[in-house]
Amino acid sequence: MIGHNGYRKALVVIGFLLPSLLGLLLFQFIPMLSSLAISFTDWDLLTKASFVGWDNYRFALHDEQSLKSLSNIFLYIAGYLPSVLVLGLLLASLLNRKMRGVKFYRTMVFIPVITSWVAVSIVWRWLLNGQSGLVNYLLSLIGIQGPVWLQDFFWAMPAIIGVSVWKDLGYVTIILLAGMQDISEDYYEAAIIDGASAWQKFRRITLPLLTPSLFFVIIMSLINGFQLFDQVMVMTNGGPAGQTSTLVQQIYMNAFQSNKMGIASAQSWILFLIIFLVTAVQQLLQKRWVIYDR
Amino acid sequence: MTDKHMRLKNSLSHIILLIATVILIFPFLWMLSGSLKNSLEVVKMPPDLIPQVFRLSNYVEITKYFPIYTFLGNSILVAVVTTVAQLLVCAMAAFIFAKVPFKGRDAIFFCFLITMMIPTQVTMTPLFIVFQQLHLINTYAGLILPGIFSAYGTFLLRQHIMTIPDALLEAAFMDGASHFRVFRSVVLPLTKPALATLSIFSFMASWNNFLWPLIVTSDTGLMTLPIGLSKLQGRWATEWNILMAGNVVSFIPIFLVYLFASRYFIKGVTMSGVKG
């Protein structure tokens, strides 16, 4: 592009970039580096910090609560990811059909996505309540005595998973639907001529050509899964007995309730590394199963 | 495939989609219905689907528990200012990254992209300490500032500004327009769809943000809706009708924005999804 040159252009560049640069420097890079530095100290906000080497990392990797929260997250992902993918695929394939009312359904299924986790969690706390909850009332109609979901040692995590699937389903559906709409009609027409069944079309055309969207959903779900916080904070506060505690909740507790800044920072870097590793491994593996040529 | 076969399949699809829609939407209707019940009816078994008397007074009574309308005002202020500022800041940087080359530009842009990978949890602890030093805890500035700068927003707008033909901008420069003039009168109008998408996303993110406002506010008068609601439910855990009234207050604004701009919500999601 042409336009002014020399010092006037330099002024423009500086003027236009300065706000962003300052913002990212002050709110991203400097905090990031400080957090790395703090993670090697025993700072408690009150007394002077001293260098403790890898102690905080060692602690975080051996601490029972940290490990518990990590295994909780693996459990969460193991339940959440397959459910949201299967249900998302089902809804997206139905919404991909040419029939009336599709736009209406599409608008409706997205509503839980736009709502705040806090509001949604409070509603679900009521729905899942042991005495006045609608879910247990409906179960009682078919003769099942429901558990006290969110206070139940076994059922708390499945309840968190279920509500998360409910909240994110619209998002996953819309992404998969967009992927399906990108697939050329020609493939399906050729398949119909060859006499393919609906299942064969789905299995041999839709699913392979949808792998880029599936890949994206899986990556996003893993990243969000490791950062699980809002819904747990409101619905169970990590309970009962740490059954639903998460990594971010541990970081929050250590930093802002116990003032253990060093440990919290080390945990946040471990979280970052996990997310980074998962993404990197997925990127490597995707060559094996994601099909980008259409 | 026969016509009859097709119709059967369509009806089956409708049934499944209807069931899914009911499951996804019902909690919101239940929330609305609960917000209009009195404290006895709200725990009654078997429950009434529709309240016997619509108790609109819950929406007044809730202020005895918590200043919910102050939270509402705070949320609107924070979300609107964050969104407007973010659009401007991101668009300015995006314009340079897309259309004004200079030495070292790509290196700077690369640094922008790196920050997209850093989770909030890494930066929040030091950021809290910095804000404490600057006396920004319990201020609107403390709530708003970190939300303004978005590498993702800059990236999104850059991709769109890059599609504007250079010839168009050159013509404007030939006519003697300044960079600022070109940015305001040519680039911004041509980037409107992307700006609309980003503004919806930025507004929604700010409206629903929980972790940072939770850290940066302890003063009730400055809390946004998610923080206020979470405190409200922490203290009055089972006053369901009051809690639901609070939820409805927080739901309606974002729902209205969604109704008027659902196109952009869905476009924004698919844009980040397919090209991501």
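Me: What does pLDDT stand for in terms of confidence, and what is the mean pLDDT of chain A?
Reply: pLDDT is the predictor's confidence in each residue, from 0 to 100. This model is predicted. In chain A, 98% of the residues reach 70 or more. The mean pLDDT of chain A is 90.

Me: Which helix of chain A has the highest confidence, and which the lowest?
Reply: Helix H6 (residues 117-127) of chain A has the highest confidence, at a mean of 95. At the other end, with a mean of 88, is helix H14 (residues 261-289) of chain A.

Me: Which element of chain B has the lowest mean pLDDT?
Reply: Chain B averages a pLDDT of 89, and 97% of its residues score at least 70. Among its elements, helix H3 (residues 68-99) of chain B has the highest mean, 95. The lowest mean, 84, belongs to helix H13 (residues 240-275) of chain B.

Me: What is the ipTM of the model?
Reply: Two scores are given for the model as a whole. The pTM is 0.91, and the ipTM is 0.90.

Me: How many residues of chain B that touch chain A are charged?
Reply: On the chain A side, 73 residues take part in the contact, and on the chain B side 72. The chain B side divides into 49 nonpolar and 20 polar residues, and the charged ones number three.

Me: Is H6(A) enclosed or open, and how many of its residues are buried?
Reply: A residue is buried if 20 or more other C-beta atoms lie within 10 Å of its own. In H6(A), the buried residues include A:Trp117, A:Trp124, A:Arg125 and A:Trp126. H6(A) is largely enclosed by the rest of the structure, because the number of its residues that are buried is eleven of the eleven.

Me: Where does helix H1 of chain A bend?
Reply: Helix H1 of chain A covers residues 7-38. Among its buried residues are A:Phe16, A:Leu17 and A:Ser20. A proline, A:Pro19, follows the bend within four residues. The bend is about 45°, at A:Leu18.

Me: Why are H3(A) and H13(A) described as they are, parallel or antiparallel?
Reply: Helix H3 (residues 64-95) and helix H13 (residues 247-256) of chain A pack with their axes 8 Å apart, at an angle of about 150°. Angles over 145 degrees count as roughly antiparallel. H3(A) and H13(A) are therefore roughly antiparallel.

Me: Which residues of H13(A) meet H3(A)?
Reply: The contact of H3(A) with H13(A) has three nonpolar, five polar and no charged residues. From H3(A) come A:Gln65, A:Ser66, A:Ser69, A:Leu70 and A:Ile73. From H13(A) come A:Leu247, A:Gln249 and A:Gln250.

Me: What is the relation between H4(B) and H7(B), oblique or parallel?
Reply: The axes of helix H4 (residues 105-115) and helix H7 (residues 151-161) of chain B come within 8 Å and cross at roughly 125°. H4(B) and H7(B) are therefore oblique.

Me: Which residues of H7(B) make the contact with H4(B)?
Reply: By class, this contact has four nonpolar, two polar and no charged residues. H4(B) brings B:Phe112, B:Leu113 and B:Thr115. H7(B) brings B:Ala151, B:Thr154 and B:Phe155.

Me: Which proline follows a cis peptide bond in chain A, and where is it?
Reply: Most peptide bonds are trans. The bond that starts at A:Gly239 is cis, with omega near -10°. The residue after A:Gly239 is found in the loop between helix H12 (230-235) and H13 of chain A. That residue is A:Pro240.

Me: Which residue is joined to B:Met45 by a cis peptide bond?
Reply: The omega of this bond is about -10°. The proline of the bond lies in the loop between helix H1 (3-35) and helix H2 (58-65) of chain B. It is B:Pro46.

Me: Is A:Leu45 buried or exposed?
Reply: A:Leu45 has a positive phi of about 75° although it is not a glycine. It sits in the loop between H1 and helix H2 (55-62) of chain A. Because 12 other C-beta atoms lie within 10 Å, A:Leu45 is exposed.

Me: What is the phi of A:Asn259?
Reply: A:Asn259 lies in the loop between H13 and H14 of chain A. With 14 other C-beta atoms within 10 Å, A:Asn259 is partly exposed. It is not a glycine, yet its phi is positive, about 55°.

Terms used. Residues numbered from 1 in each chain as written. Chains lettered and ligands numbered in written order. Predicted model: local features only at pLDDT ≥ 70, side-chain atom pairs only at ≥ 80, totals over all residues. Helix = DSSP H or I, 4+ residues; strand = E, 2+ residues; numbered from the N terminus. Axes fitted to C-alpha atoms, helices over the stretch in contact; angles between N-to-C directions. Parallel < 35°, antiparallel > 145°, perpendicular 65-115°, else oblique. Contact = placed C-beta atoms within 7 Å. Nonpolar A, V, L, I, M, F, W, Y, C, P; charged D, E, K, R; others polar. Bend = angle between axes of the 7 residues up to and from the residue.
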